[in-house]
Amino acid sequence: MLDIAVAYNRFKFLGEEFLTWLWFVIDQDPTILIKADSDLTSLEIGNRIVLEKRHKKDVERITIKGENAGLEEAMLALQKGALVAELNLVYRSAEQKWQFTLKGESLNLSSIQTPKIAAPQSPEDMEGVILEKIFLYDKILQFIEKLYKTFIKYRLSDDWQKRDIALIKKWSRSRA
Amino acid sequence: MSLLSSSVSITRYQIQGKLKNPILETLAAGLKKNAISEIDDPTLDKAVGWTSFEKPYQPDFGGSSFVYGNYLVFSLRIDRKSVPLKLVKKHVVIESEKRLVESGRPYLSRSEKERIRDQVMDRLYATVPATPNLFDIIWNYEAAELWFFSNLKAANEELETLFLRSFDLTLIRMIPYTAAHYAADLKDTEKDILLELTRTPFTG
């Protein structure tokens, strides 16, 4: 097992490749998403995507913000060697909506908004409210964990070199 | 950050090791022993400790007050004193001028200036109240998973240190490498491949 600080810097690219792959899967192969969560209605890119291109110590950063923003520039950046560093996602299940940002280098989740729940009316309500909130967080955390496992299995297999890289390159060329 | 806020951040951990039986008593003892206490020493600028989720300013770990269904819920509290630099500067200037008048000399030595600054800092820290910061924790003991409601590096480091000291358990932050190594059910051959991975070129 590597030292955690060494592992963080050495493998931050893996989290960024995961987000890049996830964008590709959302666009091209949503069946993988359904396999990770059969309750899923849809998963969409939200209001923010950040790409980073590293060259030695220099980092070139492209941020695309706003609802319904065009992603052509992000595709161009991908073709030029950038990876997705941050991705805001909208997850829907039945009538409920979750929105959150996933950071590639750390796999941290931020700006998590779950479906609204009723506020506790009395101290006796607190346990129920907490458990409901835990259930809502668990829903997306489990989903992301399963997707990451799926990605890692692909990434460590021969198919990544033989098939997946070519598919992602073809997709980014076709969408730019 | 409260787990009931409308927008939260979460850092995920896996826990290595198990608590001694009886688990709830061991846990309560670790929480009580390292519960937050008010800063008594006026020269200290920070206090770190556990507190109750529902009573963050009067920690109480009696009974099973931190057990919610299958989860353990409590909070990390970091109390920090902060003195604005401009305020320090003002008091250093006033004190320095007073010393110059008293000594009748035209200037103060470097060590005298440092001593004045230290005295001013001690005096100001003794009078400034500490600001509490709360970070909630959800611990799924059976799954050996913990969610910490902050992505702040300093807060995460305080959590990792205090958790080890309180429960003798190691928290492993789920970053890209550890999430693959620990959570993806990899075979040994796959773990070896993981160690050798390099960045994929999607260009061309």
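**Exercise 1. Describe the order of secondary-structure elements along chain A of this predicted model, and state how many helices and strands the chain holds.**

Solution. Reading along the sequence of chain A, one meets the pattern α-α-α-β-β-α-β-β-β-α-α. Counting by type gives 6 helices and 5 strands for chain A. To set these elements in space, note that the C-alpha trace of chain A spans about 55 × 40 × 30 Å along its principal axes.

**Exercise 2. Work out which strands pair with strand 3 of chain A, and in which sense.**

Solution. Begin with strand 1 (residues 42–55) of chain A, which pairs with strand 3 (residues 83–93) of chain A in the antiparallel sense, over 8 bridges. Within this pairing, E52(A) stands opposite L83(A) of strand 3. Next, turn to strand 4 (residues 96–103) of chain A, which also pairs with strand 3 of chain A in the antiparallel sense over 8 bridges, and here L87(A) stands opposite L102(A) of strand 4. Finally, look at the connection: strand 3 and strand 4 of chain A form a hairpin with 2 residues between the strands, and in this hairpin A94(A) takes a positive phi near 50 degrees.

**Exercise 3. Classify the packing of helix 4 of chain A against helix 6 of chain A, and identify the residues that make the contact.**

Solution. Two packed helices are described by the angle between their axes and the distance between the axes. For helix 4 and helix 6 of chain A, the axes come within 9 Å and cross at roughly 135 degrees. That crossing angle is why helix 4 of chain A counts as oblique to helix 6 of chain A. As for handedness, helix 4 of chain A passes helix 6 of chain A in a left-handed crossing. The contact is made by M75(A), L78(A) and Q79(A) on the side of helix 4, and by S172(A), R173(A) and R175(A) on the side of helix 6. Sorted by class, these residues of the contact divide into 2 nonpolar, 2 polar and 2 charged.

**Exercise 4. Describe the domain division of chain B, then analyse the packing of helix 2 of chain B against helix 3 of chain B.**

Solution. Chain B is divided into domain 1, made of 11–81 + 132–174, and domain 2, made of 85–127. The C-alpha centres of these two domains of chain B lie 40 Å apart. Turning to the helices, the axes of helix 2 (residues 85–103) and helix 3 (residues 110–127) of chain B come within 9 Å and cross at roughly 130 degrees, and therefore helix 2 of chain B is oblique to helix 3 of chain B. The crossing of helix 2 of chain B past helix 3 of chain B is right-handed. Among the residues that make the contact are L87(B), V88(B) and H91(B) of helix 2, together with I116(B), V120(B) and L124(B) of helix 3. By class, the contact of these two helices of chain B has 7 nonpolar, 2 polar and 5 charged residues.

**Exercise 5. Characterise the side of chain A that touches chain B, by element and by residue class, and find where strands of the two chains are joined.**

Solution. In the interface, 41 residues of chain A are in contact with 37 residues of chain B. The elements giving two or more residues to the side of chain A include helix 2 (12–28), helix 5 (126–156) and helix 6 (158–175); the largest share, 13 residues, comes from helix 5 of chain A. The residues on this side of chain A divide into 23 nonpolar, 10 polar and 8 charged. As a last step, consider the strands: 2 bridges join strand 5 of chain A to strand 1 (residues 8–16) of chain B, which run antiparallel, and I10(B) of strand 1 of chain B is the bridge partner of L109(A).

Conventions. Residues are numbered from 1 along each chain as its sequence is written. Chains are lettered from A and ligands numbered from 1 in the order in which they are written. This is a predicted model: local features need pLDDT of at least 70, side-chain atom pairs count only at pLDDT 80 or more; totals for chains, interfaces and linings use all residues. Domain bounds come from an automatic or database domain assignment. Two residues are in contact if their C-beta atoms, placed from the backbone, lie within 7 Å. Helices (H or I, at least four residues) and strands (E, at least two) are DSSP runs, numbered from the N terminus. Ala, Val, Leu, Ile, Met, Phe, Trp, Tyr, Cys and Pro count as nonpolar, Asp, Glu, Lys and Arg as charged, and the others, Gly among them, as polar. Two strands pair if DSSP finds at least two bridges between them. Axes are lines fitted to C-alpha atoms, for helices over the stretch in contact, and angles run from 0 to 180 degrees between N-to-C directions. Angles under 35 degrees count as roughly parallel, over 145 as roughly antiparallel, 65 to 115 as roughly perpendicular and the rest as oblique. A crossing is left-handed if the near helix is turned anticlockwise from the far one by less than a right angle, and right-handed if clockwise.
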